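Got your viewer open and a selection tool to hand? Then come along for a quick tour, one stop at a time.

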Amino acid sequence: MTNAKNDTLQPIYEIVKIKAERRKLPKKYLSENLTDYTVRSPQDFANIAMKFIGDEDREIFLVACLSTKNQIQSLHRCHIGSLNASIVTPREVFKTAFLQNASSIIVAHTHPSGICTPSPKDIDVTERLKQAGELLGVELLDHLIVCENDFLSLKEKGYM
């Protein structure tokens, strides 16, 4: 006869610790530490996005995870697209936000053409990300389109 105590399934506990590496930036970027930089306006984030992705020859989608004080916790190149397209899903965008325990995010993508006018697809992606953020509790603060020396805020233009 078997022992009833041994026949029951014992719970297995797994503890997973996710550690985000904080990288120091070269001084030419803004400060020694990315977490020292606070985003107070679209221009603040545009300065960072233009330095990192503004001169790319294809569409790059960049996600900045922010703390409750709007300090940048991390930057993530979420997707590298083609000359005129980038396929972005809420899952990819918010994955980093969850791993960083971000309060909010701000995103940007490049227009290699040098024209910062939003396409219908840009507006659609922004709306999907805004809705997903509302459901998930991580606010999308803005979506910027950046070129080498220019940018457009979809929030300022009334698209979100």
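Start by selecting glutamate 139: with a relative accessibility of 46%, it counts as partly exposed. You'll find glutamate 139 in strand S4, which covers residues 139–146. Bear in mind as you click around that this is a predicted model.

Now add Asp124, Glu127 and Glu134 to the selection, and together with Glu139 you have a negative surface patch. Which element gives the largest share of the negative patch? That's helix H4, residues 120–136, with 3 residues.

Next, go for a patch of another kind. Select Phe98, Leu135 and Leu136, which make a nonpolar surface patch of about 350 Å². Phenylalanine 98 sits in helix H3, residues 90–99. Is phenylalanine 98 buried, partly exposed or exposed? Its relative accessibility is 48%, so it counts as partly exposed.

From H3, step along to asparagine 101, in the loop between H3 and strand S3 (104–110). Asparagine 101 counts as exposed because its relative accessible area is 67%, and the cut-off is over 50%. Check the backbone here too: asparagine 101 isn't a glycine, yet its phi is positive, at about 55°. As background, most residues other than glycine have a negative phi.

There's another asparagine to visit. Jump to asparagine 70, in the loop between S1 and S2, where phi is near 60°, again a positive value in a residue other than glycine. At 24% relative accessibility, asparagine 70 counts as partly exposed.

Stay in that loop and pick serine 67; the strands on either side are S1 (60–66) and S2 (72–80). Why does serine 67 count as buried? Its relative accessibility is 14%, and buried means under 20%. What does serine 67 touch, leaving aside neighbours within four places in sequence? Show Gln73 and Ser103, and you have its contacts.

Time for some charge pairing. In general, side chains of opposite charge can pair when their charged atoms come close. How many salt bridges does the chain have? The count is 2.

For one of them, select glutamate 56 and arginine 77, whose side chains meet at 2.6 Å, N to O. This pair ties together distant parts of the chain, 21 residues apart: glutamate 56 is in the loop between helix H2 (42–53) and S1, while arginine 77 is in strand S2. Glutamate 56 has a relative accessible area of 23% and is partly exposed. Arginine 77, at 38% relative accessibility, is partly exposed as well.

For another salt bridge, select aspartate 57 and arginine 58, with 3.1 Å from N to O. Arginine 58 is partly exposed, at 35% relative accessible area.

Finally, zoom out and colour by secondary structure. You should see 4 helices and 5 strands, and walking from the N terminus the order is α-α-β-β-α-β-α-β-β. Of the chain's 160 residues, 43% count as buried. Looking at contacts with a separation of 6 or more, 64% are between residues 24 or more positions apart. Switch on the surface for a last look: the chain exposes about 10200 Å², and carbon and sulfur atoms supply 50% of that area.

Terms used: Residues numbered from 1 in each chain as written. Predicted model: local features only at pLDDT ≥ 70, side-chain atom pairs only at ≥ 80, totals over all residues. Heavy atoms only, no water. Helix = DSSP H or I, 4+ residues; strand = E, 2+ residues; numbered from the N terminus. Buried < 20%, exposed > 50% of the residue type's maximum accessible area, 1.4 Å probe, protein only. Contact = heavy atoms within 4.5 Å. Patch = residues over 30% accessible without salt bridge, like charges linked within 9 Å, V, L, I, M, F, W, Y side chains within 5 Å. Areas by Shrake-Rupley, 256 points an atom, 1.4 Å probe, with all protein chains shown as cover. Salt bridge = Lys/Arg side-chain N within 4 Å of Asp/Glu carboxyl O. Lys, Arg positive; Asp, Glu negative; His and termini not counted. Charge placed at Lys NZ, Arg CZ, Asp CG, Glu CD.
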